[in-house]
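Hi everyone, thanks for coming. Please have the sequence and the 3D view open in front of you, and let's walk through them together.

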Amino acid sequence: MLQTKELFHDFDGLKVLFGVGLEVKEGERHAIIGPNGAGKTTLFNVITGLYKPSSGRVLFKGQDITGFKPCKLARLGMSRSFQISGLFQGLTVFQNVRLAILSKRGIRYDLLRRVDRMHSITEETNEFLARINLDSERSVPANMLSYGKQRSLEISLALARDPDFVLLDEPTAGMSPDETRSAVDLVRRMTQGKTMVIVEHDMDVVFSLADRITVLDYGSIVASGTPEEIRTNRDVQDIYLGKRRS
Amino acid sequence: MKSRNRFLPLAIIVALAVLPHVMGPVKTNIFIQFAIGAVYAVSLNLLLSFTGLLSFGHALFFGTGAYATALALTHIQGLTIVPSVMLGALAAAAIALIVSPLLVRVTGTAFAMLTLAFGQLMFILCLKFREITGGEDGIAGYPVPNLSLPGVHSVDMADSFNFYYFAIAVSGLCIFVMWHITKTPLGSIMVAIRDNTQRVDFLGFRVPFVKAIVFVISGAFAGIAGSLFALSHSVVSTDGVFQILVSFFPLMAILVGGIGSFWGPVIGCGVLTLVQEFTLRYTERAELVSGLVFVLVILFMPYGAAGFWRMLGARRRYRSADGHSITVEK
Amino acid sequence: MSTEAAMYIALAVHGLTYGMLLFLVASGLTLIFGMMGILNIAHASFFMLAGYFCVTVLRWTESFWLSLLLAPIGCALVGCVVERFFLRRIQRHGLGHIGELLLTLGISLIVADAVKAIWGTGSNEVLGPVALRGLVAIGGWEYPAYRLFIIGVSLALLAIMATLLFKTRLGMILRAAVSDADMVSALGINMPRVFTVVFGLGTWMAGVAGVAATPLLTVFPGMADQIGLDAFVVVVVGGLGNLVGAFVASLIIGEIYSFGIQFIPRLAPVLMFVFMALVLSFKPSGLFGGRE
């Protein structure tokens, strides 16, 4: 589904990515891990259209999407979550989700109908809220939710558009163990049959969700394979153990 | 909805219908100016409270509408009142369309400054091109045309009663349409842009395009306000419709009435109109007093009247995710 | 050389004069913005206030030099009061930048009307110091001495400012604060006082420009309109918070203005505008602007 070829990226001379060639198969749950500063977030941002790579190409469903803007990528079936505040803070949970549903249905510039009279939209939003267990909080402004629920909403917003390809940026960052467990459960349920890429630090989450893992260090891919392969990979162990020693 | 609310719109309509007969012509005219100001302020509010864009140059659209109407009435014989207002709206919308490519790319302070610059630019241009705009003296002597349903009936708009009903009807319609727009999907996108522009982009909405639409809508309604202004005054000049105070007036109205609410600007406009009328009785320095009121409001009541109201009513309890009650206070 | 060349050079000097005045005003504005995040809409009001103070001082003392000394100080005092008692309050409200913009807006309105109330709506002519009323001969041509004086004073102030910023401890603090005010505050430096100082300094410079401009513009309620708008354009074009950018932009705009008024008088304001639009289309953060 997704392929990157020879991806290089630098910020004003600071080189971050070196010849990254990632491959994500359709229907796969793929995790990207690596120590801090390895370039995971940059890679993520290049794939999702926030940055145009200095060189290299990104292919999505066979199409060259290098340099495409996020809006266009979203319409092609790609969706991402944000690590820091991707929610609409002043809007209620219901309104947050409804916006994603409106986008999914292609309703954008409609000036004639009142959105609260669009019953099918309301139904669909309520249905979705029930699936993510937030329907009792539908009238709560997003900024009043507990942190864990905010993160769940964040992940859900990315999924509400029913994308083919979803990317999650450190979805469980800052969560308590309980919250992490429910989040993993949510992600597993909601990404059935979809292709997913997740950037994570929490190894438990990674190993319980991922079909394949790619390890990034200093901007290049060190290893890529099944969880077993990665667990037993010498280089990977060196990276993590080595870092922990210092 | 409480049953009380169902009677409110009816009561308002009755009050409006009866008003000119109860208050004299002077006060009725003040009310008309209030209505015009309210439409103008609400149009700016679409940008400010709903899309999160602070514009310092809204007079650009107001003045364009005023001049377009005045010029049209001066040069086109037999133009009736509704088309003359429509021309004002179209001219303002056209200007909005022209400036939008640049405006959609900037936000925050740069946006505010850019709009300020555009507003001033128009002011200076109108001042310089005297042959068309009459420069400092402006345009005067244009007629207030009739309202005519073609072939059926013609209503004389020079009659102050008729004009009052026309102006109020148009104002009311404008405000209603703008209210409706905030309730449409576009309205949802606008508010989302205010909260988190980047996320809106990632959700698949073309943000620059949406912003451009909002500019055109906001500009068009400001243009209608300008047209009504031209019709209710006998002269349109740069100082009257393009100068910087004209851009600041709706901002003050929004602030006094409360940023973030739809009806805030209407309330604020009412308050400001009353303040101005009151001070004009005692001193000529109305601008000074308005400025003082403005500063005082910002310092002590930054959320305006609506914020105050919200604070009173916001002792509602929100249940947090854990089931505890929290009392929300602003 | 021909009179044409002389005219071009005169126009260039004229543009340089205005550009320098503009820089004096804009530098304060951009510094205040860079450090405090406040775009002071009332900045040009201080320019005008200084002009009026100058008129008053002249009435008492007949000395232009004294007013050049005192009026800007008066401005700086007003500036400090505004910062200390009004702007600082606003920051507590959480309205963010909109609150500050609106407050400075309100103040500019108040000042604009207050000067009319105190000094009347008429225009006040100010004659420059006797010593500078003539022409100066340089290299075979003659230039108005006063304009050269303005350029000289501006450059001197620029040099002083540069020394202050780069060679003193205060300057180091200021430069650090432009990058990260919170961090500087965490280092134990009394930021609120620094802010007041910066605000006072910025308004002082606008005041110097205001007094210097009085023989050229005359003192009247609209005297700050043009330069106020231009200063904003300079700040936006040069990059918000960037002094070098403000300098370059001021000079460019000064020259555009000077040549524009000479050759296409009616469209001169549009030119500046087109310039700004062009710069912003290619680099929305301004010529020298970084991320905000």
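**A helix in chain C, and outward from there**

Let me begin with helix α2 of chain C: 14 of its 19 residues are buried, so α2(C) is largely enclosed by the rest of the structure. Before we go on, please keep in mind that this is a predicted model.

You can find α2(C) at residues 43–61. How far apart should its ends be? At 1.5 Å a residue, the helix should span 27 Å, and its end C-alpha atoms are indeed 27 Å apart, so the expected span and the model agree. Now step just past the end of α2(C), to C:E62, which takes a positive phi of about 60°.

Let's zoom out to the whole of chain C. How many helices and strands does chain C have? The secondary structure comes to eleven helices and two strands. If you read along the sequence, the pattern is α-α-α-α-β-β-α-α-α-α-α-α-α. So is chain C compact or extended for its length? Its radius of gyration is 19 Å, close to the 19 Å that the globule rule gives for 292 residues, so chain C is as compact as a globular protein of that length. Its C-alpha atoms fill a box of roughly 60 × 50 × 40 Å along the principal axes.

What share of chain C is buried? Buried residues make up 48% of the 292 residues. As for contacts, take those in chain C with a separation of 6 or more: 75% of them come from residues 24 or more positions apart.

Now, chain B. Here we have 14 helices and six strands. Of the 330 residues in chain B, 52% are buried. Among contacts with a separation of 6 or more in chain B, residues 24 or more positions apart account for 72%.

Where do chains B and C meet? In this contact, 29 residues of chain B touch 34 residues of chain C. On the chain B side, α5 (108–128), α11 (244–257) and α13 (286–300) each supply at least two residues. The largest share, twelve residues, comes from α5(B). By chemistry, the chain B side divides into 21 nonpolar, four polar and four charged residues.

Chain B also touches chain A, with 33 residues from chain A and 23 residues from chain B taking part. On the chain A side, the elements giving two or more residues are α2 (70–75) and α3 (93–104). Which of them gives the largest share? That is α3(A), with six residues. The chain A side of this contact is made up of 16 nonpolar, six polar and eleven charged residues.

**The sheet in chain A**

Let's finish inside chain A, with an open sheet of six strands. Their order is β7-β8-β9-β4-β10-β11, and the pairing is mixed. The edge strands are β7 (78–80) and β11 (220–225), each of which pairs on one side only. On average, and ignoring direction, neighbouring strands of this sheet are turned by 15° against each other.

A quick reminder for anyone new to sheets: strands pair through backbone hydrogen bonds, either parallel or antiparallel.

Please look at β9(A) now. Strand β8 (residues 165–169) of chain A runs parallel to β9 (residues 195–199), and five bridges join them. Within that pairing, A:F165 stands opposite A:T195, and A:D169 stands opposite A:V199. Strand β4 (residues 29–33) of chain A is also parallel to β9(A), joined to it by four bridges. There, A:H30 has A:V197 as its bridge partner.

Is β9(A) buried or exposed? It is mostly covered: five of its five residues are buried. In a regular strand the side chains alternate between the two faces of the sheet. In β9(A), A:T195, A:V197 and A:V199 lie on one side, A:M196 and A:I198 lie on the other, and all are buried, so both faces are covered.

One last stop: helix α5 (residues 147–160) of chain A lies across β7 and β8 of chain A. It runs at about 160° to β8(A).

That's the tour, and I'm happy to go back to any part of it.

Terms used
Residues numbered from 1 in each chain as written. Chains lettered and ligands numbered in written order. Predicted model: local features only at pLDDT ≥ 70, side-chain atom pairs only at ≥ 80, totals over all residues. Contact = placed C-beta atoms within 7 Å. Nonpolar A, V, L, I, M, F, W, Y, C, P; charged D, E, K, R; others polar. Rg over C-alpha atoms; globule rule 2.2 N^0.38 Å. Buried ≥ 20, exposed ≤ 12 C-beta atoms within 10 Å, placed from the backbone. Expected span 1.5 Å × (residues − 1). Pairing = 2+ DSSP bridges. Axes fitted to C-alpha atoms, helices over the stretch in contact; angles between N-to-C directions.
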